[in-house]
Structure formats: C-alpha cells, structure tokens
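This report walks through selected local features of one protein model. Please keep the sequence and the structure at hand while reading.

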Amino acid sequence: RGDGAGLARRGGKMASTAAGKQRIPKVAKVKNKAPAEVQITAEQLLREAKERELELLPPPPQQKITDVEELNDYKLRKRKTFEDNIRKNRTVISNWIKYAQWEESLKEIQRARSIYERALDVDYRNVTLWLKYAEMEMKNRQVNHARNIWDRAITTLPRVNQFWYKYTYMEEMLGNVAGSRQVFERWMEWQPEEQAWHSYINFELRYKEVDRAPLLVIVHPDVKNWIKYARFEEKHSYFAHARKVYERAVEFFGEEHMDEHLYVAFAKFEENQKEFERVRVIYKYALDRIPKQEAQNLFKNYTIFEKKFGDRRGIEDIIVSKRRFQYEEEVKANPHNYDAWFDYLRLVESDADAETVREVYERAIANVPPIQEKRHWKRYIYLWINYALYEELEAKASKRTRQVYQACIELIPHKKFTFAKIWLLYAQFEIRQKSLPLARRALGASIGKCPKNKLFKGYIELELQLREFDRCRKLYEKFLEFAPENCTSWIKFAELETILGDIDRARAIYELAIGQPRLDMPEVLWKSYIDFEIEQEEYEKTRNLYRRLLQRTQHVKVWISFAQFELSAGREESLSRCRQIYEEANKAMRNCEEKEERVMLLESWRNFEEEFGTDTTKERIDKLMPEKIKKRRKLQAEDGSDAGWEEYYDYIFPEDTANQPNLKLLAMAKLWKKQQQESEAAEMDPDKDIDESQS
C-alpha cells in the first residue's frame with residue numbers, strides 16, 4: 001500500500017511536469033539505411049506462431065476427489081468455465097451442447113434440460129441442438145419429455161425430415177403404432193418429398209394395413225410414382241385396381257405428355273395377365289403418337305414381345321423399314337457419307353433379296369469422290385470390295401464379281417494413285433475360279449500401269465506358292481529395276497537362290513546389291529551378306545567382306561562384329577586374330593570425334609581379355625582405358641547471344657600424346673587434393689602428431 005502511494009505521488013509529479021512543459025522525444029537518426037542481411041517476413045512470423053501453437057503442453061495433473069466438498073468445488077469450477085465460454089460467445093452451440101452433456105454425465109438431468117432450453121432460446125433453428133436434446137431424454141428413458149421435444153421440433157421446423165423420421169421410429173420402437181401413424185399423417189399434411197411417402201407406405205405394409213397406404217401420386221404425380229402405385233396393387237393381387245391405375249395415368253398425362261416408360265410398364269402388366277391383344281394395342285397406340293427418337297425403348301420391348309408371342313416376319317419388316325427410312329434420310333442429306341452407306345448396305349444384306357441389295361450397291365458406288373486424291377478414295381473403294389465379296393460369297397455370281405472388279409479397276413485413276421488391295425483381291429478371285437492366266441494378266445497389268453512394292457510382293461508370293469521359281473526370278477529382276485534401293489528385296493532374292501541351292505547366283509546378287517549407289521537399309525544388307533558367307537563357311541570371303549565394309553564405314557559395331565567373328569571362327573589363331581582386330585580398331589578410332597564409340601570398343605576389348613587374355617594383356621588394356629572427367633562449355637542461343645554454361649563428360653585417353661599434359665595436370669590436382677585432406681585430418685587430431693614426433 002505504501003509503495004502504491006509513492007508511485008501515485010511520483011505519477012502526480014510527472015503529470016504536473018508534463019502539463020507544465022510537454023517534452024518532445026528525440027528521434028534517433030538512422031545512419032545506415034541499408035536493408036538488414038537477414039530479413040524476417042510476415043509469412044515467417046505467422047509460420048513460427050503456428051508452429052508454437054502445435055507445441056504440446058504438459059497435461060494438467062490428475063486430481064482425485066475424496067469428499068463432497070471437493071466435488072462441489074470441482075463442479076463449481078467447471079460450471080464457471082462453461083458459463084464463461086457461453087458468456088463470451090452465446091452463438092457457439094457446441095459450448096452449450098458440451099455443457100449439457102457434462103451435466104448429463106453427472107446425472108443432473110434437470111440442469112441439462114435447463115441448459116438445452118437456454119440454448120434453444122438462443123438458436124431454435126439449430127437441428128443438432130434439437131436432436132441432442134431429444135436423444136438425452138430418450139437415453140434416460142424420459143419418453144414423455146422426448147415426445148414433448150419432438151412435438152416442439154416438428155412444430156417449429158416442419159421441413160426438417162430428420163425430426164419426423166426419428167419421431168416415428170421412436171414411437172414404432174415403443175410399440176405405439178397408432179401414435180406413429182398419427183405422426184406420419186401429420187407429416188403427410190406438409191406434402192414432403194417422395195422418400196417420406198415411401199416410408200409411410202412401408203410402415204403400413206409392415207403391419208399389413210394395405211388399405212391405409214397413402215396415395216403418393218396425388219402429391220407427386222410423376223410417371224415413376226404411377227408405375228410404383230400400379231405395381232403395389234399388382235403385388236397384392238389387386239389386378240383390376242392396377243389396370244385402373246394405369247388407365248388413370250394414361251388419361252392423366254394425355255397425348256401431350258406421353259412417356260414411353262408408362263406404356264412399357266402397362267404393356268408388361270398386361271403381358272403378365274396373358275392379355276396379348278391388349279399388349280399389342282398398347283404398343284401400337286404409343287408408337288403412333290410418341291416421336292420415334294423418344295420411343296427407342298418402347299420399340300425394343302415391342303420387338304421382344306412380338307418375337308415371343310407374335311409374327312416374327314411382320315415385326316422384322318417394321319424394324320427394317322424404320323431403319324431403312326433413317327438411312328435413306330442420311331444418304332440423301334450427304335451422298336458422300338460412305339459410313340452411312342456401309343450401315344445401310346449391312347441392313348439390306350441381312351433382310352432383302354439380291355436385286356434390292358444390288359440396287360443399293362449401284363447407288364452407293366455411283367457417288368464417286370469429286371477430288372482425285374487417295375485420302376478421299378480410301379473409304380469409297382471399300383464399297384467396291386464389299387460389292388465384289390457379296391457377289392462372290394452371298395450371290396454366288398462369279399461372272400458379276402469379275403465385272404465388278406473390272407469396273408472398279410477401270411474407274412481408279414492409276415496415273416495418279418492406285419490400290420494394290422483391289423488388284424490382289426482380283427487376282428486371288430481368279431485363282432479361286434481356277435483362271436490362273438487371268439490372274440497373271442491382272443497382276444502383270446497392275447505392275448505395268450502402276451508398279452508398287454506391295455504389288456510386286458503379292459505377285460512373287462503367288463508364284464512362290466505355285467512353285468514357279470523362274471517366274472519369281474523374273475519378277476525379282478523387274479522389282480529391283482523398279483526399286484533398286486530396296487534392301488529387303490535384294491535379301492529375299494538372294495535367300496530364294498540360296499534355298500534353290502544356287503550359291504553363286506546368291507553371291508552375285510549380294511555383290512550387285514552392295515554395289516548400288518543408294519540403299520534404304522545398307523547395314524541390314526551387309527549383315528545378311530556376311531551371315532550368308534558364314535553359313536557357307538567361307539571365312540576368307542567373310543574377312544574380305546568385313547575389310548570392304550570397313551573401307552566404307554569405321555563404325556564401332558562393325559569392328560566389334562569383326563572381332564567376334566574372328567573369335568567364333570574356331571581355329572588356333574582365332575585369339576591372336578581377334579586381338580589384332582581390336583588393335584587395328586583402336587588405332588583407326590584414335591582420330592574419331594565420337595569418344596563414346598572408342599570407349600565402347602575398349603570395353604569390348606577388355607571383356608575379351610578378361611575371358612581369354614593373360615595378365616600382361618589385361619594390364620595393357622587397363623592402361624588404355626580413358627579417364628572420365630567433367631567439363632564446362634559455353635552455350636550460344638540461336639541469335640548468337642550467350643545462353644550460359646553447360647556441363648558435360650569427356651574422356652581423356654592415355655594413348656593420345658596431345659592429352660598427356662591434361663593427364664599430368666589431372667594427376668597433380670588429385671595429389672594436391674589428397675595432401676589437403678591429410679593436412680585437415682592432422683589439424684583435427686593434434687595428439688596424433690605429438691605421438692608421431694615423439695616416436
């Protein structure tokens with residue numbers, strides 16, 4: 001108290017001084033206005049605050065209550081805490097619920113009721129609050145109180161279905177069926193959603209009160225509800241009532257709002273009652289009045305019904321005529337829509353005579369693409385192919401098939417493009433008709449008018465199947481005159497001669513092939529030639545081939561293949577020959593710009609020495625292996641400006657004299673780095689140096 005008085009006196013003096021003369025504090029001048037090195041952002045402050053929130057506080061010590069006085073003190077503290085929380089924010093309903101549940105846990109039901117009532121005064125629209133209140137009363141077997149709460153809830157919030165469901169369920173669980181029915185009837189006065197009506201109906205059905213089931217269609221007159229109503233009557237064997245329900249539904253919707261689902265259900269009901277004529281009348285009535293695009297399901301069910309009980313031919317005619325009308329509309333709108341023609345022809349072929357099919361085919365092929373470009377003809381040409389196949393396989397008219405093929409061939413502008421498929425199909429057709437001269441004439445004409453690789457291959461395959469090898473040779477000669485760069489043709493020709501046993505001709509073909517100035521796959525051709533000589537066990541010729549190939553290319557794979565060939569020759573000097581090849585390859589590739597290929601060669605050589613070499617040769621090849629280092633080079637953009645630096649790996653070969661300074665520099669750098677590491681280790685452990693000096 002004395003200290004407080006002194007402070008007050010000092011405060012009074014300071015106040016009087018300030019009143020006499022107001023002193024303005026001096027503003028410190030900032031000499032260095034540069035930003036601090038370590039900047040603290042607002043995000044960092046918020047993040048640190050959030051992290052400190054997550055720090056776990058030690059739990060409060062457990063208190064053991066030993067007598068009534070301590071219990072009352074504990075209750076008082078807890079109630080004060082709850083009341084303070086409520087006073088801070090009355091609208092947080094979770095605080096009210098926690099308070100009430102705590103009182104309930106102490107069996108203070110009256111206090112819990114009081115809390116819930118206070119909470120309802122704050123927010124009576126909170127659904128959770130009503131549910132918790134009612135559940136508390138039901139849990140404590142206070143049935144009348146629970147009824148009172150449910151009544152208040154459904155009176156206050158009649159559109160919350162959960163209250164009604166809970167209320168009716170409680171009454172039904174208590175065995176109060178009349179009370180539950182009364183609640184349902186009060187609920188139905190509000191005209192709730194469909195699920196509520198279904199719950200009421202199921203409730204009545206559980207107690208066998210079929211007559212009491214409500215009429216859902218009065219409030220929700222949807223098609224599905226009418227159908228459910230009729231099926232409900234049908235399920236309980238009231239067939240006359242079910243038929244009346246369907247008739248009322250048809251009358252209710254009229255012709256303006258017709259729905260196919262209603263008529264399908266009506267027809268299926270009559271079908272179950274064996275009233276087939278009534279079913280047919282219902283389907284026809286609906287199909288005549290509902291638009292076609294909205295009656296797909298109806299038409300499908302009508303078809304199934306007719307297949308079961310009616311004249312199949314009649315219904316199929318109806319279906320075909322309907323779909324034919326649709327396709328006719330499509331091809332009229334766009335005559336060059338070949339996909340629509342395909343669908344139309346497939347339909348006609350399945351259910352029409354040959355003359356009708358031919359008529360549709362003739363109409364389809366008359367729509368020639370207006371532009372002479374192959375991409376526009378690709379779909380069109382299949383109309384001719386399908387036409388010819390139909391005449392051959394379905395109509396069995398070989399003469400008309402030949403005419404179709406010939407007309408198609410005359411129509412195609414062969415000077416601009418052709419279709420090898422048509423020529424080959426025509427030739428195969430003539431072979432099936434045992435007219436080999438006509439087939440050969442057709443293929444010969446195709447090669448003369450518009451030679452293509454596929455035509456040559458098909459013709460050669462045909463002659464091979466007929467074992468006409470002389471013709472095959474002539475065809476290969478023509479083929480190679482047409483496309484001398486095609487390596488596959490050269491290889492196939494040589495393989496044919498090899499099969500026929502004429503090795504000299506095969507070798508001559510290979511020689512001609514590798515002498516061509518331009519080839520599409522020369523590496524495949526050379527490999528095939530080398531494999532051919534190896535199969536003939538002509539090892540000297542194989543070596544000569546490798547030497548000739550190496551004169552054209554110094555590719556590393558050629559050298560490796562040459563060495564592996566020498567190794568697989570199976571003779572005494574094979575190891576020395578193989579090693580010699582590797583030596584030559586290494587010398588030849590010293591000036592190669594692609595260092596990865598040289599590394600590949602040395603790795604292959606090292607694998608060979610590890611398997612077949614001696615210690616001396618292994619040591620020698622280890623000395624030849626390069627050193628892999630990381631380098632940087634400057635990049636330039638397309639406009640010539642600097643684009644930064646790029647890291648890449650380079651190889652330094654010990655053999656290259658130009659790289660000796662680089663290797664020496666690299667060795668000195670490694671030695672310097674090692675010395676640095678040793679000196680750092682000595683500084684970290686001074687005792688070791690003392691021991692060493694003493695020793």
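Lysine 457 is partly exposed, with a relative accessible area of 48%. Its place is in helix α25, which covers residues 453-465. The model is a predicted one. Across the chain, the C-alpha atom of lysine 457 is separated by 8.8 Å from that of serine 489. The two residues are 32 residues apart along the chain.

A second lysine has a comparable description. Lysine 244 sits in helix α13, residues 239-253. Lysine 244 is exposed, at 54% relative accessible area. That value passes the 50% cut-off, so the residue counts as exposed. Its C-alpha atom and that of alanine 230 are separated by 8.4 Å. Here the distance along the chain is 14 residues.

**Salt bridges**

How many salt bridges does the structure hold? The count is 20. Three of the pairs are listed here.

| Pair | N to O distance |
|---|---|
| Glutamate 108 and lysine 75 | 4.0 Å |
| Arginine 87 and aspartate 84 | 2.6 Å |
| Glutamate 373 and arginine 375 | 3.2 Å |

Take glutamate 108 and lysine 75, whose side chains meet in a salt bridge. Glutamate 108 lies in the loop between α4 (93-105) and α5 (109-122), and lysine 75 lies in helix α3, so the bridge ties together parts that are 33 residues apart in sequence. The two ends of this bridge have their own levels of exposure. Glutamate 108 is partly exposed, at 25% relative accessibility. Lysine 75 is buried, with a relative accessible area of 14%. Buried means under 20%, so lysine 75 falls in that class.

The pair of arginine 87 and aspartate 84 stays inside one helix. Both residues lie in α3, 3 residues apart, about one turn of the helix. Why can such a spacing bring two residues to point the same way? An α-helix has 3.6 residues a turn, so residues three or four places apart point the same way. Arginine 87 is exposed, at 59% relative accessibility.

Glutamate 373 and arginine 375 make up the third listed bridge. Glutamate 373 is partly exposed, with a relative accessible area of 35%. Arginine 375 is exposed, at 60%. Elsewhere, salt bridges that share partners join Glu355, Arg358, Glu391 and Arg400 into one network.

**Surface patches**

Helix α3 also contributes to a charged patch. Asp67, Glu69, Glu70 and Asp73 form a negative patch on the surface. Aspartate 73 belongs to helix α3, residues 68-88. Aspartate 73 is partly exposed, with 37% relative accessible area. A patch takes residues with over 30% relative accessible area, so aspartate 73 passes that cut-off.

What kind of surface patch do Val38, Ile40 and Leu45 form? The patch is nonpolar, and its residues together have about 340 Å² of accessible area. Leucine 45 lies in helix α2, residues 42-53. Leucine 45 is exposed, at 51% relative accessible area.

**Two faces of α34**

Helix α34 spans residues 615-624. Its buried residues include Thr617, Ile621 and Leu624. Why do the buried residues of α34 line one face of the helix? Seen down the axis, they fall within an arc of 50°, so they line one face. On the other side of α34, Asp615, Thr616 and Lys623 are exposed.

**Positive phi in two loops**

Two lysines have a positive phi. Phi of lysine 107 is near 65°, a positive value in a residue other than glycine. Lysine 107 is found in the loop between α4 and α5. Glutamate 108 lies in the loop between these helices too. Lysine 107 is exposed, at 64% relative accessibility.

Phi of lysine 396 is near 60°, again a positive value in a residue other than glycine. Lysine 396 is in the loop between α21 (380-394) and α22 (398-411). Where does lysine 396 stand, buried or exposed? Lysine 396 is exposed, with a relative accessible area of 65%.

Methods
Residues numbered from 1 in each chain as written. Predicted model: local features only at pLDDT ≥ 70, side-chain atom pairs only at ≥ 80, totals over all residues. Heavy atoms only, no water. Patch = residues over 30% accessible without salt bridge, like charges linked within 9 Å, V, L, I, M, F, W, Y side chains within 5 Å. Areas by Shrake-Rupley, 256 points an atom, 1.4 Å probe, with all protein chains shown as cover. Lys, Arg positive; Asp, Glu negative; His and termini not counted. Charge placed at Lys NZ, Arg CZ, Asp CG, Glu CD. Helix = DSSP H or I, 4+ residues; strand = E, 2+ residues; numbered from the N terminus. Buried < 20%, exposed > 50% of the residue type's maximum accessible area, 1.4 Å probe, protein only. Arc of directions from axis to C-beta.
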